[in-house]
Amino acid sequence: MSGTAPGAAPGTAPGTEPGAASGAPVRDVVVVGASAGGLATVEGLRRGGFTGRITLVGAEPHMPYDRPPLSKQVLAGQWEPDRLPLRPPSDIEALDLDLRLGVTATGVDPRARTVALDTGEEVPYDVLVAATGVSPRRLPGGGGHVLRDLEDALVLRDRLRPGRRLAVVGAGFLGAEAAAVARGLGCEVTMVEPAPVPLAHAVGAQVGEVLTQVHRERGVDLRTGAGVTQVHDGGLELGDGTTVEADDVLVAVGSVPNTGWLELGGLPVADGLVCDEFCEAAPGVYGVGDVARWENPLFGVSMRIEHRTHAAEQGLAVARNLLDPGAARPFAPVPYFWSDQYELKIQAYGYLRGHEEVRIVEGDLAERRCLAAYRTGDRLVGVLAIGMPPRALRPWRRDIAAGAAWHDAVGDLPDGVITTTREVVSDVATA
């Protein structure tokens, strides 16, 4: 597909929307979802000179706030809620928004171009941006805590005290971060994970084993290969017939995109709002952040990314293309995520899922200070660092963005060998 957005004629004047009939000017933009992605979209529009009406709808009553600290600093009691807002009230006011907080979108009519709200209103739009994020997946019966919004974090924080017993279902990044915080607060922690090696599907068995060992060294009772059949007030029942006694249970088994309101309007939904490489799902309808599944041309796959940095980047990309549809560019980022567990800082660039090879190219995995490269096909597709400074990842990120071949980026180094040619290789690969 060319670099012109779907439905846009080349040379369309800035301020018109690519899917609008006859290139009509965009006067009303409705953004549903008042978190990082939604806020980035409206900020990008205003900074780019858009003077029309922008309605920002948020299901929570709070001003847009940062979510990653919920499972880290907020849960640990290091931060109070007043540190979470993404912008001060004065900055939000300066955006001149029709701000609807504590309001939920219940449906959309793409033909009439209206969004239905739970207040009974129908808000018209020329462009709709869906940024409604995800909801925590629950186990049958719906018991236990979840950790998605501020209220979730505060309720669980009040329960975590020395000597309390916490059971965590799911040893992904969210569950592992919460387990680490709980151990730091003096809780007894049992973490249950159905996979043999936590996170192996995402980061590889080698890295997953190291993270597993870190938790066990810190006193977490980590039970792998174990399924949960029931969550109740006193803990868990496992598939093998054993029980886990706990004062509280945190269910961290993934999430479900908030697409019900979009599906009611006939928009394409399949584990997210299905979008093209311009993040457009239908004429005048775009997806941003956790809720959006889009074609990333850099990796040649459809992906849905649940990371804070990605949501902001995607919101800005959508705003940029709306402001100048004649020069629209596909959204082709190198995804980034990080995780804090105990003293470890884990950072990664790229698309690690589905990788075919992992190679330790710098440092020592056993010492928990290393850099791992990931291969899919004949390409370098990702890099993950444990205990390394951010600058160690930057040249690898450039290689991933340039579509570097695996051999050019990594060479013939066997696992565990420390490379001393990284900067030279990077300069060649990104030239």
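This is a short walking tour of the structure, one selection at a time.

**Before you start**

You're looking at a predicted model, so local features here need pLDDT of at least 70 and side-chain atom pairs count only at pLDDT 80 or more, while totals for chains, interfaces and linings use all residues. Residues are numbered from 1 along each chain as its sequence is written, and side-chain values use heavy atoms, with hydrogens and water left out.

**Stop 1: the whole protein**

Show everything as a cartoon. The protein has 11 helices and 26 strands; these are DSSP runs (helices are H or I, at least four residues; strands are E, at least two), numbered from the N terminus. Now colour by burial. Buried residues make up 53% of the 431 residues, where buried means under 20% relative accessible area, exposed means over 50%, and partly exposed is in between (1.4 Å probe, protein chains only). Contacts, meaning heavy atoms within 4.5 Å, often link distant parts of the sequence: among those between residues at least 6 apart, 63% join residues at least 24 apart.

**Stop 2: helix α1**

Select residues 36–47, which form helix α1. The expected span of a helix is 1.5 Å times one less than its number of residues. For the 12 residues of α1 that gives 16 Å, and the end C-alpha atoms are 16 Å apart, which agrees. Is this helix mostly covered or mostly uncovered? It's mostly covered, with 11 of its 12 residues buried. Among the buried ones are A36, L39, V42, E43 and R46. To see what lies over them, add β1 (28–32), β2 (53–58), α2 (89–94), β7 (127–130) and α8 (308–323), which are included in the cover. Then step along to G49, which follows α1 and has a positive phi, near 100°.

**Stop 3: the nonpolar cores**

A nonpolar core is a set of buried Ala, Val, Leu, Ile, Met, Phe, Trp, Tyr and Cys residues joined through side-chain atoms within 4.5 Å. In soluble globular proteins, nonpolar side chains tend to be buried together. Select V115, L128, V203, W261, Y374 and L384: of the 92 residues in the largest core, these touch the most other members. Strand β26 (residues 379–386) gives the most to this core, with 6 residues. Zoom in on W261. Leaving aside its neighbours within four places in sequence, W261 is in contact with V32, A105, T106, G107, V108, V115, L128, A130 and T132. A second, separate core has 24 residues, including L75, L150, L160 and V181.

**Stop 4: helix α4**

Next, pick residues 173–184, which are helix α4. Its 12 residues reach 16 Å from first C-alpha to last, close to the expected 16 Å. Of those 12 residues, 9 are buried, so α4 is largely enclosed by the rest of the structure. The buried ones include F173, A176, E177 and V181. Their cover includes β9 (165–169), β10 (188–193), α5 (200–203), α6, β15 (248–251) and β22 (336–341). Just after α4, G186 takes a positive phi of about 90°.

**Stop 5: a pocket and a cavity**

Both come from a 1 Å grid over the protein atoms alone: a cavity is a set of points where a 1.4 Å probe fits but cannot get out, a pocket is an open set with protein on both sides within 12 Å along at least five of seven lines, and lining residues have an atom within 4 Å of a point. Grid points are joined across faces, edges and corners, and a volume is the space filled by probe spheres set on the points.

Which helix gives the largest share of the lining of the second largest pocket? That's α4, with 4 residues. Select S71, K72, Q73, Q78, E177, A180, V181, G184, R218, D340, Q341 and Y342 to outline this pocket, which holds about 160 Å³ of space.

The whole structure has 2 cavities of 30 Å³ or more, and the largest has a volume of about 60 Å³. Its lining includes A176, M191, L211, H215 and Q341. Helix α6 (residues 205–217) supplies the largest share, 4 residues.

**Stop 6: two unusual backbones**

Most residues other than glycine have a negative phi. R113, in the loop between β4 (105–109) and β5 (114–117), has a positive phi of about 55°. R113 counts as buried, at 17% relative accessibility. D271, in the loop between α7 (260–263) and β17 (273–275), has a positive phi of about 50°. D271 is partly exposed, at 41%.
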